[in-house]
Amino acid sequence: MNPTSSLAAPGTGTAPSAPHKNGAADRGRADVSGRERLAALVQRQGVLAVLLLVVVIASLVYPTFATLDNARGVTVQASFLAVVALGMTLVIITGGIDLSVGSVFALGGVLAAWASQWGILPALLVPLVVCGAIGLVNGLLIARAGMAPFIVTLASLLGARGLLLALTDEGATTYLVPKGSAFAELGQGSVAGFGYPILVALVLFAVGGLVLQRTSFGQTLFAVGGSSDAATLMGLPVARAKVTVYLLSGLLAGLAGAINAARLSSGVTIIGAGMELDAIAAVVIGGTLLVGGAGSVSGTLWGVLLLAVIQNLINQIGTLNSSYQSVVSGGFLILVVVAQRYLSRGRSTV
């Protein structure tokens with residue numbers, strides 16, 4: 001038999017089937033890619049869609065909700081949690097957790113009110129130095145000593161709260177911010193009707209977004225959260241990245257506490273309890289994975305606003321007390337975690 005007879009003529013043999021198989025494979029890969037993009041979009045921006053839906057419904061049901069004064073009140077209240085949650089976002093992206101931010105927030109407020117008698121610079125620098133030192137110690141113990149973030153930051157939570165009580169004689173002493181001072185203006189002043197705390201939060205989130213998405217440091221955080229061992233093998237500064245995010249978390253919590261003291265004109269000792277849980281809830285609801293490796297500061301911002309809107313709606317209803325916010329927030333958190341697990345499972349199997 002002629003050896004060339006084994007070559008199928010066009011349209012008569014099996015050779016033409018290869019393009020068909022390749023085309024099917026290409027379509028399969030396109031479907032997979034499409035599902036992955038959709039899952040990633042839902043994870044990142046799903047909370048924004050929920051927030052917009054809640055705002056629209058609330059505006060239709062409660063006319064007082066859609067007023068400019070109400071929007072100003074909601075955003076000012078949310079700005080302090082937003083600053084704290086920004087630091088928490090960076091920590092969770094690396095696969096860590098920071099339970100100390102609530103106590104550090106309260107401590108920052110007390111230190112700022114105490115130092116405000118000497119002017120705005122001491123009122124800002126003292127809480128930043130002390131709270132930043134707490135975050136730095138957290139980072140060193142976690143990154144260098146290999147201790148568990150949960151244990152280290154839980155100890156810092158207790159330590160910061162104890163230091164706060166020692167400075168205020170078990171809460172008996174309340175430090176006041178001088179009226180009319182530049183520091184008081186930082187918390188109570190406004191531009192176009194929107195308070196300075198809102199502007200500070202927006203600037204910090206803009207910077208945080210740029211750092212996370214446009215710098216090598218931000219990409220290192222994602223790599224560390226995805227796999228710390230793999231990041232180490234790649235030569236990335238894993239320990240330094242972890243130390244830095246805990247330092248930033250402490251600084252941001254202290255700054256938020258200081259600005260809150262300026263707004264309240266005093267260093268309130270009873271605030272901040274449970275704030276770390278609200279921050280974690282906002283971060284996770286915003287699409288950041290608790291296991292690390294994925295997340296965004298924009299999602300955290302939408303998560304904070306969603307929690308603030310829920311609180312405001314409870315106030316609008318009037319017949320419910322604020323404890324229902326925890327119930328609703330917990331429900332949202334469970335739904336988001338379940339959705340994240342489902343989406344991640346779907347993306348890993350395609």
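These legends accompany close-up views of a predicted model.

**View 1. The whole chain, a predicted model with 13 helices and two strands.**
The protein chain has 350 residues, and 41% of them count as buried. About 17300 Å² of the chain is exposed. Carbon and sulfur atoms supply 68% of that area. Among contacts with a separation of 6 or more, 76% join residues 24 or more positions apart.

**View 2. A nonpolar surface patch that includes Ile57.**
Five side chains make up this patch: Leu53, Val56, Ile57, Leu60 and Val61. Together they have about 510 Å² of accessible area. Ile57 belongs to helix H1, which covers residues 17-61. Its relative accessibility is 45%, so Ile57 counts as partly exposed.

**View 3. Helix H11, largely enclosed by the rest of the structure.**
H11 runs over residues 275-285. Nine of its eleven residues are buried, which is why the helix counts as largely enclosed. At the start of the helix, the buried set includes Met275 and Glu276. Ala279, Ile280, Ala281 and Ala282 are also among the buried residues. So are Val283, Val284 and Ile285. Gly287 follows H11 and has a positive phi, near 105°.

**View 4. The salt bridge between Arg72 and Asp69.**
A search of the whole structure finds one salt bridge. Side chains of opposite charge can pair when their charged atoms come close. Here the side chains of Arg72 and Asp69 meet at 3.3 Å, N to O. Both residues lie in helix H2, residues 68-93. They are three residues apart, about one turn of the helix. An α-helix has 3.6 residues a turn, so residues three or four places apart point the same way. The two partners fall into separate accessibility classes. Arg72 has 24% relative accessibility and so counts as partly exposed. Asp69 is exposed, because its relative accessible area is 58%.

**View 5. Ser100 in the loop between H2 and H3.**
Helix H3 spans residues 101-115, and Ser100 is found in the loop between H2 and this helix. Ser100 has 2% relative accessibility, so it counts as buried. The side chains of Ser100 and Asp98 are joined by a polar contact of 2.6 Å. Leaving aside neighbours within four places in sequence, Ser100 is in contact with Asn138, Thr153, Ser156 and Leu157.

Definitions and conventions. Residues are numbered from 1 along each chain as its sequence is written. This is a predicted model: local features need pLDDT of at least 70, side-chain atom pairs count only at pLDDT 80 or more; totals for chains, interfaces and linings use all residues. Side-chain values use heavy atoms; hydrogens and water are left out. Patches are made of residues with over 30% relative accessible area and no salt bridge: like charges are joined within 9 Å, nonpolar side chains (Val, Leu, Ile, Met, Phe, Trp, Tyr) within 5 Å. Accessible areas come from the Shrake-Rupley method with a 1.4 Å probe; for residues, only the protein chains shown count as cover. A salt bridge is a side-chain nitrogen of Lys or Arg within 4 Å of a carboxyl oxygen of Asp or Glu. Helices (H or I, at least four residues) and strands (E, at least two) are DSSP runs, numbered from the N terminus. Buried means under 20% relative accessible area, exposed over 50%, partly exposed in between (1.4 Å probe, protein chains only). Contact means heavy atoms within 4.5 Å. A polar contact is a pair of N or O atoms within 3.5 Å; within protein, one must be able to donate a hydrogen and the other to accept it, and residues adjacent in sequence count only if both atoms are side-chain atoms.
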